[in-house]
Amino acid sequence: KANIGCVSADSVQDVDGTLVWLAAARSGSVSVVMMDNLKVTPISSEPVERLLTGATYTSIFSWYMKVGGHKFYVLTLKDENLTLACDLNERLWCQWTDESGNYLPIVSSTFDSSYRTILQHESNGKLYYASPDYVNDDASVIQVDIYTPNFDGGSRFSKYLPRMDFIADQYPGSILQVRSSEDDYVTWSQFRNVDLSQLLPGLDDEGTFYRRAYNLRHRSNTPLRIQAVELDLQLGTL
């Protein structure tokens, strides 16, 4: 017995024998859970649950797909203009959008006789193949934005950052745009470009800060995987 309900039947997906759905508890909290071998486990993170709390659940889409060896559960709350996707292998959540920054208008998924994943558009009748080999969406550039947490290097003293290096896929024409915020995401610096095709892609002279967050943006027609960002951090005395 699991004292957990279901917010919407449209959120339920059977992912290779594991049930995933948008759940509600008696406490009034809303989360995404999975049931495997009759055991219910929450998989939504705290930021995702904050987005779900108080949302409107009258129009919901959900679907799943397996690409590149990873299983994705995708949940759209249309009234909130929000699509959330969870990599069930990594338990990593992302927000997916269309080229205009709105919710992703995909309502279901299936596969063909060659086991290629097919996605169905909400309204225009188109079917799309999903594959990590594609670097654009029906000729539209796919924009990737990564926002880091605020970082202080474990110290309240000032830090000087003479160099930061990016461990990522290296393809000709792949440009990563980098900007930073030192006031809790309110204002941002100008973007600086990093050519990821270089042998050691990185940025010099990132200045001094106490606490900082970064926004990494990619809008090139090239694959992108970022494994790490290495900081050559020097601690100040004030």
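Of the 238 residues of the chain in this predicted model, 35% count as buried. The secondary structure consists of one helix and 22 strands, and the C-alpha atoms occupy a box of roughly 55 × 45 × 30 Å along the principal axes. Among contacts with a separation of 6 or more, 55% join residues that are 24 or more positions apart. The accessible surface of the chain amounts to about 14200 Å², and carbon and sulfur atoms contribute 49% of this area. The charged side chains comprise 20 positive and 30 negative groups, and the centres of these two sets are separated by 4 Å.

Individual positions illustrate how residues are placed with respect to the surface. T18 belongs to strand β3, which spans residues 18-24. This residue has a relative accessible area of 12% and is therefore classed as buried, the limit for that class being under 20%. Beyond its neighbours within four places in sequence, T18 is in contact with Q13, M34, M35 and D36. N3, by contrast, is exposed, because its relative accessible area of 56% falls in the class over 50%. N3 is located in the segment before β1 (5-6). Between N3 and V40 the C-alpha to C-alpha distance is 9.7 Å, although the two residues are 37 residues apart in sequence.

The second largest pocket encloses about 200 Å³ of space. Its lining is formed by D16, Y64, M65, K66, S109, T110, F111, Y115 and T117. Two of the strands, β6 (60-67) and β10 (106-111), each provide at least two residues of this lining.

Backbone geometry was also examined at two loop positions. Most residues other than glycine have a negative phi. R91 has a positive phi, near 55 degrees, and is not a glycine. R91 is situated in the loop that connects β8 (82-87) and β9 (92-95), and with a relative accessibility of 42% this residue counts as partly exposed. D138, likewise a residue other than glycine, has a positive phi near 55 degrees. The loop containing D138 runs between β13 (136-137) and β14 (140-141). The relative accessible area of D138 is 48%, so this residue is partly exposed, as the exposed class requires a value over 50%.

Methods:
Residues are numbered from 1 along each chain as its sequence is written. This is a predicted model: local features need pLDDT of at least 70, side-chain atom pairs count only at pLDDT 80 or more; totals for chains, interfaces and linings use all residues. Side-chain values use heavy atoms; hydrogens and water are left out. Helices (H or I, at least four residues) and strands (E, at least two) are DSSP runs, numbered from the N terminus. Buried means under 20% relative accessible area, exposed over 50%, partly exposed in between (1.4 Å probe, protein chains only). Contact means heavy atoms within 4.5 Å. Accessible areas come from the Shrake-Rupley method with a 1.4 Å probe; for residues, only the protein chains shown count as cover. Lys and Arg count as positive and Asp and Glu as negative; His and the chain ends are not counted. The place of a charge is taken as NZ of Lys, CZ of Arg, CG of Asp or CD of Glu. On a 1 Å grid over the protein atoms alone, a cavity is a set of points where a 1.4 Å probe fits but cannot get out, and a pocket is an open set with protein on both sides within 12 Å along at least five of seven lines; lining residues have an atom within 4 Å of a point. Grid points are joined across faces, edges and corners, and a volume is the space filled by probe spheres set on the points.
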